[in-house]
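Student: I am new to this structure and would like to be led through it step by step. Could you show it to me before I begin asking?

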Amino acid sequence: MKRRLTAREWVLLGLLAVIALVSGYVMLFYTPMTARRDSAREGAELCRVQTEAAQVRLEEKRRMERELEVLFFGDTEPLSIADYDNLHPVMLELNGILSGAEEYSLSFSTVDTSSAIVRRSISVSFTAPGYGAARAILQQLHDSAYRCMLDDVSLSMERDGGAVSVNGVIVFFEYQSQGGAG
């Protein structure tokens with residue numbers, strides 16, 4: 001016996017067909033395409049970040065190359081490391097530089113001769129008439145004719161008259177050939 005479908009059943013079948021089509025579209029087309037789109041966006045973002053990082057590295061490399069060109073092709077010769085036991089010339093250099101200070105004192109530490117590059121540490125304290133003078137003296141120490149490093153530098157301004165007290169350590173580097181004497 002054949003029965004005819006009622007209008008309500010036709011509506012339900014139509015609704016079921018629409019739901020099946022929408023579900024099929026979502027499951028078979030929309031979801032995979034959305035996942036591919038999101039994956040492509042993530043890949044593009046990763047490429048953008050990598051490109052920016054590469055550009056930063058490239059710019060840093062170019063900056064370093066320019067610095068090397070200035071060092072190697074500039075008018076001034078790069079500083080070399082003085083031979084070991086360079087104390088007398090260092091003292092003359094320090095005296096000349098620190099002559100701009102109101103007062104200064106130097107304290108010498110034990111010389112580290114454990115390697116070919118000898119480290120001569122000198123604690124320095126000086127008082128300059130102002131911040132500009134203190135900065136100029138520190139710059140002269142930094143730009144000394146002998147390889148050195150400023151370490152543990154501290155500045156303090158005195159209340160009366162603006163004098164600046166500076167304390168720090170200067171480490172001079174000297175070259176010791178074949179295990180010389182300490």
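The questions below deal with confidence, a strand and its partners, salt bridges and a surface patch.

Student: Where in the protein chain is confidence highest?

Tutor: This is a predicted model, and the protein chain averages a pLDDT of 88, with 93% of the residues scoring at least 70. Confidence is lowest in β1, where the mean is 79, while the highest value, a mean of 93, belongs to α1.

Student: Is S165 buried or exposed?

Tutor: S165 is found in strand β5, which covers residues 164-175, and 10 of the 12 residues of β5 are buried, so the strand is largely enclosed by the rest of the structure. The relative accessible area of S165 is 15%, and because buried means under 20%, S165 counts as buried.

Student: Which residue stands opposite S165 in the pairing of strands?

Tutor: Leaving aside neighbours within four places in sequence, S165 is in contact with F126, T127, S154, L155, S156 and E158. Strand β3, residues 117-128, pairs with β5 in the antiparallel sense over 12 bridges. Within that picture, the residue that stands opposite S165 is T127.

Student: Which residue in β5 is the bridge partner of S154?

Tutor: Strand β4, made of residues 148-157, is joined to β5 by 8 bridges, and the two run antiparallel, whereas β1, residues 82-83, runs parallel to β5 and is joined to it by 2 bridges. In β5, the bridge partner of S154 is N167.

Student: How far apart are the N and O atoms in the salt bridge between E67 and R63?

Tutor: Both E67 and R63 lie in helix α1, 4 residues apart, which is about one turn of the helix. R63 also meets E60 in a salt bridge at 2.3 Å, N to O, and E60 and R63 are 3 residues apart in α1. For the side chains of E67 and R63, the distance from N to O is 2.2 Å.

Student: Is E59, which forms a salt bridge with R66, buried or partly exposed?

Tutor: In the salt bridge between E59 and R66, the closest N and O atoms are 3.7 Å apart. R66 has a relative accessible area of 44% and is partly exposed. With a relative accessible area of 41%, E59 is partly exposed.

Student: What is the area of the nonpolar surface patch that includes Y25?

Tutor: Y25 has its place in helix α1, residues 7-73, and, with a relative accessible area of 46%, is partly exposed. The patch is made by V18, V22, Y25, V26, M27, L28, F29, Y30 and M33, and its area is about 910 Å².

Conventions: Residues numbered from 1 in each chain as written. Predicted model: local features only at pLDDT ≥ 70, side-chain atom pairs only at ≥ 80, totals over all residues. Heavy atoms only, no water. Buried < 20%, exposed > 50% of the residue type's maximum accessible area, 1.4 Å probe, protein only. Contact = heavy atoms within 4.5 Å. Pairing = 2+ DSSP bridges. Patch = residues over 30% accessible without salt bridge, like charges linked within 9 Å, V, L, I, M, F, W, Y side chains within 5 Å. Areas by Shrake-Rupley, 256 points an atom, 1.4 Å probe, with all protein chains shown as cover. Salt bridge = Lys/Arg side-chain N within 4 Å of Asp/Glu carboxyl O. pLDDT = per-residue confidence, 0-100.
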